[in-house]
Amino acid sequence: MLRLAPAGTRAIVDMSYARHFLDFQGSDIPRAMQKLVVTRLSPNFREAVTLRGDCPVPLPGDGDLLVRNRFVGVNASDINYSAGRYDPSVKTPFDIGFEGVGEVVALGLSASARYAVGQAVAYMAPGSFAGYTVLPAGAAAPVASLQPQYVTLPVSATTAYISLKELGGLSEGTKVLVTAAAGGTGQFAVQLAKKARCHVIGTCSSDEKSAFLKSIGCDRPINYTTEPVSTVLKQEYPKGVDVVYESVGGAMFDLAVDALAIKGRLIVIGFVSGYQTPTGLSPVKAGTLPAKLLKKSASVLGFFLNHSLSKYQAAMDHLLKMYAGGDLVCKVDLGDRSAEGRFIGLESVFRAVDYMYMGKNTGKIVVELSRSVSSKL
């Protein structure tokens with residue numbers, strides 16, 4: 001039943017205020033910014049993506065934050081996104097980039113209940129390859145400072161944490177094989193498996209990466225440029241491995257299937273070896289897969305982070321606590337050893353993607369946005 005206010009009174013709160021509230025607090029926000037835009041669908045990132053320099057800075061809605069990006073993360077799946085593989089219905093042009101760390105510079109009224117201008121946040125939301133990104137407040141996590149290490153958590157670390165927790169069945173003594181173990185998400189699969197007291201094997205492509213893997217607890221790094229992975233597994237693990245955290249695809253996938261123990265579990269979180277091809281896939285021996293799985297009562301399980309968002313916030317909170325307590329190494333690669341030096345500015349995202357697909361990175365590839373993004377354009 002509708003209750004009328006007594007005569008002579010009025011509502012104290014005018015909810016229409018929420019639609020007009022926008023807290024800038026004197027932030028120096030320009031009218032225009034740079035951002036990367038997918039202008040044609042292609043697995044060739046340089047062909048698909050255009051750097052635009054005069055894009056309007058977006059305004060946050062009632063429950064949104066406007067974040068000035070300081071560091072953004074590069075993912076192998078950026079190419080799948082620019083090729084239109086995740087949502088074929090999306091039409092160009094569209095924004096790109098999945099995650100970032102930055103400073104809240106404006107926010108809506110509802111968002112102001114939890115956040116404030118000047119706060120540092122890490123987030124997972126589309127459109128991070130830009131000077132500024134608008135995102136729902138619920139997609140952000142407060143962080144202690146604007147450190148690049150926090151960029152490793154929203155996509156890479158949460159993928160490893162949730163997939164291994166939900167699908168891995170890890171326990172003390174479990175033998176876990178991590179492919180691309182020194183990469184953005186592999187580093188976390190190694191560490192989380194070790195926290196569960198597993199025996200961890202990790203593949204990588206250099207002695208430097210092998211040394212890094214040892215430093216984070218990997219029991220048996222395999223540099224596949226000097227040791228055949230299949231030979232090492234057959235000789236040193238004749239009964240097979242219990243869990244594989246697999247992100248490479250192609251021949252590595254076939255090798256991992258062959259290496260599974262009785263009731264082994266292979267978790268597919270990607271297949272980077274095929275992303276740059278027209279189909280997005282590298283060939284695998286699919287014809288023999290049913291027989292191999294049946295023979296071992298083994299399983300192949302896919303994991304895509306977007307299907308586990310109900311578990312996301314708890315995972316992010318846990319990982320942030322681990323990092324704050326010194327229990328998690330968040331290795332970043334800012335491109336200092338690349339031919340043209342550190343990845344600074346949105347224009348260097350193209351170099352960073354090339355660098356990743358050449359297998360040069362150790363840890364998560366992160367691009368630093370120049371501080372000039374906050375200046376007037």
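This report walks through a predicted protein model, from its overall build down to a few individual residues.

**The whole chain**

Let's begin with the fold as a whole. The predicted protein contains 11 helices and 16 strands. Measured against the rule for a compact globule, its size agrees: 377 residues would give a radius of gyration near 21 Å, and the protein has 23 Å. If you turn the model along its principal axes, the C-alpha trace spans about 85 × 55 × 40 Å.

How much of the protein is buried? Buried residues account for 52% of the 377 residues. On the outside, the protein exposes about 17,700 Å², and 55% of that area is supplied by carbon and sulfur atoms. As for charge, there are 39 positive and 31 negative charges, and their mean positions are 4 Å apart.

The chain also brings together residues that are well separated in sequence. Taking contacts between residues at least 6 apart in sequence, 70% join residues at least 24 apart.

**Two domains**

The domain assignment gives domain 1 as 29–152 + 332–368, and domain 2 as 156–306. Domain 1 is therefore written as two stretches of the chain, because the assignment lists 29–152 and 332–368 together under that domain. Between the C-alpha centres of domain 1 and domain 2 the distance is 28 Å. The contact between them takes 19 residues from domain 1 and 20 residues from domain 2.

**Backbone features to look at**

Most residues other than glycine have a negative phi, and most peptide bonds are trans. With that in mind, here are some places in this model to find on your screen.

One is the peptide bond from Thr92 to Pro93, which is cis, with omega near 0 degrees. Pro93 sits in the loop between helix H3 (78–82) and strand S4 (94–95).

Ala180 is another, since its phi is near 50 degrees, a positive value in a residue other than glycine. You will find Ala180 in the loop between strand S9 (175–178) and helix H5 (186–195). Farther along, Arg197 is not a glycine either, yet has a positive phi of about 65 degrees. Arg197 belongs to the loop between H5 and strand S10 (199–204).

Are these loop residues buried or exposed? The table sets out the values, together with Asp28.

| Residue | Relative accessible area | Class |
|---|---|---|
| Ala180 | 32% | partly exposed |
| Arg197 | 59% | exposed |
| Asp28 | 36% | partly exposed |

Arg197 counts as exposed because its 59% is over the 50% cut-off. Ala180, at 32%, is partly exposed because its value falls between 20% and 50%.

**Two aspartates and their distant partners**

Asp28 is placed in the loop between helix H1 (17–20) and strand S1 (32–38). Although Asp28 and Val105 are 77 residues apart along the chain, their C-alpha atoms are separated by 8.3 Å.

Asp64 lies in strand S3 (residues 64–73). From Asp64 to Ala140 is 76 residues in sequence, but 9.8 Å in space from C-alpha to C-alpha. Which residues does Asp64 contact, leaving aside its neighbours within four places in sequence? They are Leu107, Gly108, Ala111, Val134, Leu135, Pro136 and Ala137.

Notes: Residues are numbered from 1 along each chain as its sequence is written. This is a predicted model: local features need pLDDT of at least 70, side-chain atom pairs count only at pLDDT 80 or more; totals for chains, interfaces and linings use all residues. Side-chain values use heavy atoms; hydrogens and water are left out. Helices (H or I, at least four residues) and strands (E, at least two) are DSSP runs, numbered from the N terminus. The radius of gyration is taken over C-alpha atoms; the globule rule is 2.2 Å times the number of residues to the power 0.38. Buried means under 20% relative accessible area, exposed over 50%, partly exposed in between (1.4 Å probe, protein chains only). Contact means heavy atoms within 4.5 Å. Accessible areas come from the Shrake-Rupley method with a 1.4 Å probe; for residues, only the protein chains shown count as cover. Lys and Arg count as positive and Asp and Glu as negative; His and the chain ends are not counted. The place of a charge is taken as NZ of Lys, CZ of Arg, CG of Asp or CD of Glu.
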